[in-house]
Amino acid sequence: MKKCSLDHFVESLNPWLDEKYIRSVTLDKEGRVTFTFMDKVSDTYEITDCDRSRVKKVCDDLAARGISVTEI
């Protein structure tokens, strides 16, 4: 699991979004975000400088782009 700020997290998304490399996203109750990529590799992020509601907004934006987002 990688720990980072919300700003760093959002910046790191851009290359993946440009290439349509994200297959799905899972947001857990603690606000950790797990990406599953097209090659079936998964990566989990813990955003350390905000609460779950702000992370959820980023996930909602991903869903609006057509990426499958599941809350668990």
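Here are some notes on how the sheet and the two helices fit together in this predicted model.

1. Start with the sheet. Five strands make it up, and the order across is β1-β4-β3-β2-β5. The sheet is open and its pairing is mixed. At the edges sit β1 (2–4) and β5 (68–71), each of which pairs on one side only. From one strand to the next, the twist averages 25 degrees.

2. Now the β2/β3 part. Strand β2 covers residues 22–27 and pairs with β3 in the antiparallel sense, with five bridges between the two. If you want a register check, look for valine 25, which stands opposite phenylalanine 35 in β3. The two strands form a hairpin with five residues between them. In that turn, glycine 31 has a positive phi of about 95 degrees.

3. On the other side of the hairpin story is β3 with β4 (residues 42–47), also an antiparallel pairing, over four bridges. Here phenylalanine 35 has aspartate 43 as its bridge partner in β4. Four residues lie between the strands of this hairpin. The turn residue to look at is lysine 40, whose phi is positive at about 75 degrees.

4. A word on the faces of β3 (residues 33–37). Val33, Phe35 and Phe37 make up its covered face, while Thr34 and Thr36 are on the uncovered one. That fits the usual picture: in a regular strand, side chains alternate between the two faces of the sheet.

5. What about the parallel pairing? β1 and β4 pair in the parallel sense over three bridges. Cysteine 4 has isoleucine 47 of β4 as its bridge partner.

6. On to the helices, α1 (residues 6–18) and α2 (residues 52–64). They pack at an angle of about 15 degrees, and their axes are 11 Å apart. Angles under 35 degrees count as roughly parallel, so α1 is roughly parallel to α2. The crossing of α1 past α2 is right-handed.

7. Which residues make that helix contact? From α1 there are Leu6, Phe9, Val10, Leu13 and Leu17, and these meet Arg54, Val58 and Leu62 in α2. By class, the contact has seven nonpolar residues, one charged and no polar ones.

8. Last, helix against sheet. α2 lies across β2, β3, β4 and β5. Relative to β2, α2 runs at about 155 degrees.

Methods:
Residues are numbered from 1 along each chain as its sequence is written. This is a predicted model: local features need pLDDT of at least 70, side-chain atom pairs count only at pLDDT 80 or more; totals for chains, interfaces and linings use all residues. Side-chain values use heavy atoms; hydrogens and water are left out. Axes are lines fitted to C-alpha atoms, for helices over the stretch in contact, and angles run from 0 to 180 degrees between N-to-C directions. Angles under 35 degrees count as roughly parallel, over 145 as roughly antiparallel, 65 to 115 as roughly perpendicular and the rest as oblique. A crossing is left-handed if the near helix is turned anticlockwise from the far one by less than a right angle, and right-handed if clockwise. Contact means heavy atoms within 4.5 Å. Ala, Val, Leu, Ile, Met, Phe, Trp, Tyr, Cys and Pro count as nonpolar, Asp, Glu, Lys and Arg as charged, and the others, Gly among them, as polar. Buried means under 20% relative accessible area, exposed over 50%, partly exposed in between (1.4 Å probe, protein chains only). Two strands pair if DSSP finds at least two bridges between them.
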